[in-house]
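Reader: I am new to this structure and would like to go through its interior with you. May I begin with a single residue?

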Amino acid sequence: MTARTIDGKAVAARLKESVALEGARLALEHGVTPGLATVLVGHDPASEVYVRNKNKTAEGLGFHSVSFHLPADTGEADVLARVRALNDDAKVHGILVQMPLPKQVREEAVLDALDPRKDVDALTPTNAGLLLSGRATLVSCTPMGVMLLLKEYEIEVVGANALVIGRSLLFGKPAAQLLLAANATVTMAHSKTRDLPEQCRRADILVAAIGRPEYVKGDWVKPGATVIDVGINRVESGDSKYRLVGDVYYAAASERAGAITPVPGGVGAMTIACLIRNTLIAAASLAGLPPPS
């Protein structure tokens with residue numbers, strides 16, 4: 001068996017086209033140009049690339065985009081002041097504070113200060129609670145990207161046994177809630193889970209988000225299962241060079257799975273597209289308008 005490749009880049013491209021059209025309509029008919037603000041504290045190379053790509057994408061789709069790059073030694077009070085200023089900025093509809101933050105800045109303090117209506121990463125306690133109750137308007141970007149991929153490729157979720165490996169606030173917990181809302185039977189696994197390979201072999205939908213390169217082996221995959229690999233890991237490939245791999249050992253898993261996301265080109269491609277989608281949704285909501293179609 002050779003698995004179908006779930007092409008996140010292609011799906012993300014179509015989503016961005018749709019968001020650009022809806023954003024242009026919002027500006028033309030209601031005078032509202034969706035605005036995204038990013039806040040980066042410090043000089044983590046990966047975070048700098050992520051933030052640059054997010055702003056570049058927003059600008060390319062016709063959105064208002066602003067970025068604030070603060071020194072690594074910026075105090076918590078100054079970061080919170082920046083967040084509160086963006087809360088009050090009428091031109092900004094979405095705020096993203098890039099994680100991780102330096103140790104002197106508490107993540108929970110930043111999330112508590114962030115206006116939930118502008119929380120386009122959907123990490124505030126308010127948005128996490130709304131997701132749990134089935135009333136969320138803004139949903140964490142990567143989990144939503146996964147659900148859109150499953151829908152695009154017509155993967156049967158209703159009644160499926162879904163296993164989510166990883167319990168982070170950023171992905172694992174919201175992904176489990178979205179799958180549950182879609183009527184899957186959901187199991188969450190983590191570092192303390194006993195006999196993880198056997199848990200994986202029972203999954204119709206296997207979602208790996210643990211941050212360990214190629215940790216999930218091919219023989220852990222149930223024949224015909226859908227494998228969603230959320231991991232992006234940088235590993236040495238020789239001659240001082242590096243390559244990107246996921247949390248799943250792709251070569252072996254693709255021989256057993258029915259469908260699988262590659263790394264790169266799978267889930268990661270959807271994250272920024274969904275961030276921009278959330279910014280559009282937030283802009284419409286803040287203007288008192290219904291969510292875009």
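Reader: Leaving aside neighbours within four places in sequence, which residues is Ile-276 in contact with?

Author: Ile-276 is in contact with Val-19, Leu-36, Lys-54, Thr-57, Ala-58, Leu-61 and Phe-63, where contact means heavy atoms within 4.5 Å. This is a predicted model, in which local features need pLDDT of at least 70, side-chain atom pairs count only at pLDDT 80 or more, and totals for chains, interfaces and linings use all residues. Residues are numbered from 1 along each chain as its sequence is written, and side-chain values use heavy atoms, with hydrogens and water left out.

Reader: Which residues of the largest nonpolar core touch the most other members?

Author: Of its 50 residues, these are Leu-150, Leu-179, Val-207, Ile-228 and Ile-276. Such a core is a set of buried (under 20% relative accessible area, 1.4 Å probe, protein chains only) Ala, Val, Leu, Ile, Met, Phe, Trp, Tyr and Cys residues joined through side-chain atoms within 4.5 Å.

Reader: Now to empty space: what volume does the largest cavity have?

Author: About 60 Å³, the space filled by probe spheres set on grid points joined across faces, edges and corners. A cavity is a set of points on a 1 Å grid over the protein atoms alone where a 1.4 Å probe fits but cannot get out.

Reader: And which residues line the largest cavity?

Author: Its lining residues, with an atom within 4 Å of a point, are Ile-95, Leu-96, Val-97, Met-99, Leu-111, Leu-114, Asp-119, Asp-121 and Leu-123. They divide into 7 nonpolar, no polar and 2 charged.

Definitions and conventions: On a 1 Å grid over the protein atoms alone, a cavity is a set of points where a 1.4 Å probe fits but cannot get out, and a pocket is an open set with protein on both sides within 12 Å along at least five of seven lines; lining residues have an atom within 4 Å of a point. Ala, Val, Leu, Ile, Met, Phe, Trp, Tyr, Cys and Pro count as nonpolar, Asp, Glu, Lys and Arg as charged, and the others, Gly among them, as polar.
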